[in-house]
Every structure is written in structure tokens, then in C-alpha cells.
Amino acid sequence: MLQIRNLNKTFNKGTINEKVVFNSFSLDVKEEDFITIIGSNGSGKSTLLNIISGLLKEDDGYLRLNNKNMAKMPEYKRTKSISRVFQDPSMGTSPSMTILENLSMAYNKGKKFGLSMGVNKKNIKYFKEILSQLSLGLEDQLNTKVGLLSGGQRQALSLIMATMSQPDLLLLDEHTAALDPKTSKTILDLTKNIVKKKKITTLMITHNLNQAIEVGNRLLMFHQGKVIVDIAGEEKKSLTIDKLMDYFQQIQLNMCRG
């Protein structure tokens, strides 16, 4: 479903601050995979999502999504098939617009709707039904500006907006990290339900090992721009934090010997 081949990315090339993030990196993602991604800071996790979404340009290599070459496709065109939720709840919504206007904008993604906000009163019932499932009371606040909502409410709204148009690929960049534990669990449960119901292929970065183990059907551990652990299926279901750390330590030992 997603193919990445021989991906290269270097920051500050030719300077004393040169940093090679990816060197001939390759990855295959199957349709309906829900992949959690862990790894230390600077290991390439967010850089990969930035390249997939088109926010960053790779130096070399290619990306194919559903057999479409994405390498030369600009970011705004990729948004027709790729949605993303960021760590910062303010990045997925427009704070100066109301909940209704934000939802209408997401609903009309990829459609032509003139110079207006694309607000159609016929959709209000539909929006209320979606929001009521969150149990956050947002269905009664359609005319409230998003900037007045809590972080958890905004992140829930961001997730609804990102998945409303049924994207081929959903990118979650530590989307629960800025939330308190209770709200984080609420958003994570919402994420699992939406991804399962809509069968959306998903890549989720997290620093929470429990989340990485609990969520999805496949886990990747990044280290220095490489996938050093790739666990899926039954092996992932029986995974524990201790087992995961054993994998990491053993691989690091083998890399040092190599």
C-alpha cells in the first residue's frame, strides 16, 4: 500500500552540522496496517512522517502510495489521500473559526466549494452525530470558536477532521503526548475505534511504550535512521516492555560487534 525505497535525507549538507538521517532507507506498509513507531530523539521518526506528507523533500529515493508516485507530488496534493494529526492540538484546527466551520472545511476537503467556508446547514445533523460519540459535549458547541476549547477537545476534533474524508493513510505524530493521562487515554481509545471502523492504514509515533505495545498490529523501533526492530502479528500480541527492551539491547550489542 505504501512503498518507500532507497530513501536518503541529510540536513545541513556540506557543513559542520551535517546530519545524515536516512541512508538508503526502505519500508513496506500493507493496507490496513496500524503501525506504532518508537525510537530515541533524532532517530528519524518525525522526519519520515514529514517526508511522507510532503512537508520535507527527500534527497533521493521514491515513495509510492497505492501505486501512485508521491516523490514529486507537492504537499497540498498529498493531503487528498494523506491526513495527519500533530502533537500540538492547535496545529490540526483553525482556532479563529468555529467548530462548525472547522468541520465544514474538513468535510469539503478535496471538493470545490467556492469562496465561502463551505458551511452547509444540511450537514449540521451529521456533525452533531459524530461529535456526540466523543462524549465531550462538543455537539452543543458548534458555534464556539475552537480556540476556546481545551487541548483534549481540540485534539479530538483534529482526529475527527483528519479522518472525515476517509484518507488512504493517517499519520499520527505523538498526538497524545501533550495531554494529561486521562485525556490521552480518551483520545487513544477514539483513535483505535476510528481506525478499526474505517479500516485506515495508520502510522503512529509514540514515546509511550505501553501505547506502542497495546495499539496496532505492528511495531517498529527506529535507531539512527534504521528500523532495528520490526514486530507484527502474534509476536506483537505477546510483547512486553521487558521483551522489547531485550530486543533493543541485543540488537545494539550486535551492531557494536559488527
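A nonpolar core is a set of buried Ala, Val, Leu, Ile, Met, Phe, Trp, Tyr and Cys residues joined through side-chain atoms within 4.5 Å. Keep that in mind for the first exercise, and remember that the model you're looking at is predicted.

**Exercise 1: the cores**

Find out which residues have the most contacts inside the largest nonpolar core, and which elements supply it.

*Solution.* Start with the core itself: the largest one has 32 residues. Those with the most contacts inside it are I99, L103, L131, L134, L157, I160 and M164. Next, look at where the core comes from. Helices α3 (99–107), α4 (124–132), α5 (151–163) and α6 (181–198), along with strand β7 (169–173), each supply at least two of its residues. The largest share, 6 residues, comes from α5. Now zoom in on I160: leaving out residues up to four places away in sequence, I160 touches L103, I130, L134 and I194. Finally, there's a second, separate core of 24 residues, and L7, I35, L49 and L203 are among them. As background, nonpolar side chains in soluble globular proteins tend to be buried together.

**Exercise 2: the sheet**

Work out the order of the strands in the open sheet, and name its edges.

*Solution.* Trace the 4 strands across the sheet and you get β2-β1-β4-β5, with antiparallel pairing. The edges are β2 (19–29) and β5 (68–69), since each of these pairs on one side only. Then take a closer look at the β5 end: β4 (residues 60–65) pairs with β5 in the antiparallel sense over 2 bridges. For R64, the bridge partner in β5 is N69.

**Exercise 3: a helix on the sheet**

Decide whether helix α1 is largely enclosed or largely open, and say why.

*Solution.* First, place the helix. α1 (residues 45–53) lies across β1 (2–11), β2 and β4, and runs at about 115° to β1. Second, go through its residues using the cut-off for buried, which is under 20% relative accessible area. K45, T47, L48, L49, N50, I51, I52 and S53 are buried. Third, draw the conclusion: 8 of the 9 residues of α1 are buried, so the rest of the structure largely encloses this helix. Right after α1 you'll meet G54, which has a positive phi, near 95°.

**Exercise 4: charged pairs**

Take the salt bridges of K57, R84 and K192: find a partner for each, and check how buried the residues are.

*Solution.* The total for this model is 11 salt bridges. Side chains of opposite charge can pair when their charged atoms come close.

- K57 meets E58 in a salt bridge at 3.1 Å, N to O. E58 has 4% relative accessibility, so it counts as buried, whereas K57 at 48% counts as partly exposed.
- R84 pairs with D173, with the closest N and O atoms 3.0 Å apart. This pair links distant parts of the chain: R84 sits in β6 (residues 82–85) and D173 in β7, 89 residues apart. Both R84 and D173 are buried.
- K192 pairs with E214, and here the closest N and O atoms are 2.7 Å apart. E214 lies in α7 (residues 209–214) and K192 in α6, so the pair ties together parts 22 residues apart in sequence. E214 is partly exposed at 48% relative accessibility, and K192 is partly exposed at 26%.

One last step: follow K192 and E214 a bit further. Together with K185 and D189, they're linked in a network of salt bridges.

Methods
Residues numbered from 1 in each chain as written. Predicted model: local features only at pLDDT ≥ 70, side-chain atom pairs only at ≥ 80, totals over all residues. Heavy atoms only, no water. Pairing = 2+ DSSP bridges. Contact = heavy atoms within 4.5 Å. Axes fitted to C-alpha atoms, helices over the stretch in contact; angles between N-to-C directions. Buried < 20%, exposed > 50% of the residue type's maximum accessible area, 1.4 Å probe, protein only. Salt bridge = Lys/Arg side-chain N within 4 Å of Asp/Glu carboxyl O.
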